[in-house]
Amino acid sequence: MADPFPPSRRTRIMRIALAISLAVNLAVAGLALGFALRGHDGKPPRDFDMSLGPVARALLPEDRLAIRNALKTNPDMPQRRPRADDIADLVAALSADPYDSQSLRATLAQPVGRAAKVQDIAATVLADRIDAMSPADRLALAGRLQQSDDKRSER
């Protein structure tokens, strides 16, 4: 039986599907990184909140603001990179002739690596802020954290 999709058409369809899938993944990683570096009205940046959510919600507003400012001024924080640059790198890796699998993998790993670095820095900044708290402030934080957990358990 004849193949309904000749090899050239299959290749083209697979490349398009792969490009769309990778673009969506890069967009999600780019959004996470963008929100991580922005923060809103003293609230923790989004990826900080996603990875350390209960603790971030239990912090006082001034602690969240201090953490946000520390993240913004941290020299180790990865530079924001426009999503278009990541997609341009991805398009170049997909279009390369000959195709280089290692180049594609490195391109895909870049936004993931930046997001992981942001999370590591956020955890360190949070720990430093907690280290600087008085015993009474740490105890109050623990109480708010426990209260928040109790409320979630009741739902």
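In helix α5, the buried residues are Leu-104, Thr-107, Pro-111, Arg-114, Ala-115, Val-118, Ile-121, Ala-122, Val-125 and Leu-126. Buried here means under 20% relative accessible area, exposed means over 50%, and partly exposed is in between, with a 1.4 Å probe and protein chains only. Helices are DSSP runs of H or I with at least four residues, strands are runs of E with at least two, and both are numbered from the N terminus.

Before I go on, some housekeeping. This is a predicted model, in which local features need pLDDT of at least 70 and side-chain atom pairs count only at pLDDT 80 or more, while totals for chains, interfaces and linings use all residues. Residues are numbered from 1 along each chain as its sequence is written, and side-chain values use heavy atoms, with hydrogens and water left out.

Now the overview. The protein has six helices and zero strands, so the pattern along the sequence reads α-α-α-α-α-α. It has 155 residues, and 27% of them count as buried. Take the contacts between residues at least 6 apart in sequence: 68% of these join residues at least 24 apart. Contact means heavy atoms within 4.5 Å.

Back to α5. This helix runs over residues 101-131, which is 31 residues, and from first C-alpha to last it reaches 44 Å, close to the expected 45 Å at 1.5 Å a residue. The expected span is 1.5 Å times one less than the number of residues. Where is the kink in α5? A kink of about 30° lies at Gln-110, shortly before the proline Pro-111. The bend at a residue is the angle between two axes, one fitted to the seven residues ending there and one to the seven starting there.

At the start of α5, a side-chain oxygen of Asp-100 comes to within 3.1 Å of the backbone nitrogen of Gln-102. Just ahead of that, in the loop between α4 and α5, is Pro-98. The peptide bond from Asp-97 to Pro-98 is cis, with omega near 10°. For background, most peptide bonds are trans.

Next, α3, residues 61-73. Its 13 residues should span 18 Å at 1.5 Å a residue, and its end C-alpha atoms are 18 Å apart, which agrees. Asp-63, Arg-64, Ile-67, Arg-68 and Leu-71 are its buried residues. Seen down the helix axis, these fall within an arc of 135°, so they line one face of α3. The arc is taken from the directions from the helix axis to the C-beta atoms. A general point helps here: an α-helix has 3.6 residues a turn, so residues three or four places apart point the same way.

Helix α4, residues 83-95, also gives 18 Å expected for 13 residues, and its end C-alpha atoms are 18 Å apart. Asp-86, Leu-90, Ala-93 and Leu-94 are buried in α4. They cover an arc of only 95° around the axis, which puts them on the same side of α4.

Asp-86 has a relative accessible area of 4%. What does Asp-86 touch, not counting residues up to four places away in sequence? The list is Leu-26, Arg-81, Thr-107, Gln-110, Pro-111 and Arg-114. Gln-110 is also where α5 has its kink.

On to the cores. A nonpolar core is a set of buried Ala, Val, Leu, Ile, Met, Phe, Trp, Tyr and Cys residues joined through side-chain atoms within 4.5 Å. The largest one has twelve residues, including Ala-58, Ile-67, Met-77, Ile-121 and Leu-141. The elements giving two or more residues to this core are α3 and α5, and α5 supplies the largest share, five residues. Apart from this core lies another, of six residues, among them Leu-22, Leu-26, Leu-90 and Ala-93.

Two members of the largest core deserve a closer look. Ile-121 touches Leu-71, Asn-74, Asp-76, Met-77 and Pro-78, leaving aside residues up to four places away in sequence. Ile-67, in helix α3, is buried at 1% relative accessibility. Its C-alpha is 9.9 Å from that of Ala-123, 56 residues apart along the chain.

Last, helix α1, residues 7-38, which holds Ile-16. Is Ile-16 buried or partly exposed? At 42% relative accessibility, Ile-16 counts as partly exposed. The C-alpha atoms of Ile-16 and Leu-94 are 9.7 Å apart, with their positions 78 residues apart along the chain. Ala-29, also in α1, is buried at 17%. Ala-29 and Ala-115 are 86 residues apart in sequence, and 7.1 Å apart from C-alpha to C-alpha.

Technical notes
A polar contact is a pair of N or O atoms within 3.5 Å; within protein, one must be able to donate a hydrogen and the other to accept it, and residues adjacent in sequence count only if both atoms are side-chain atoms.
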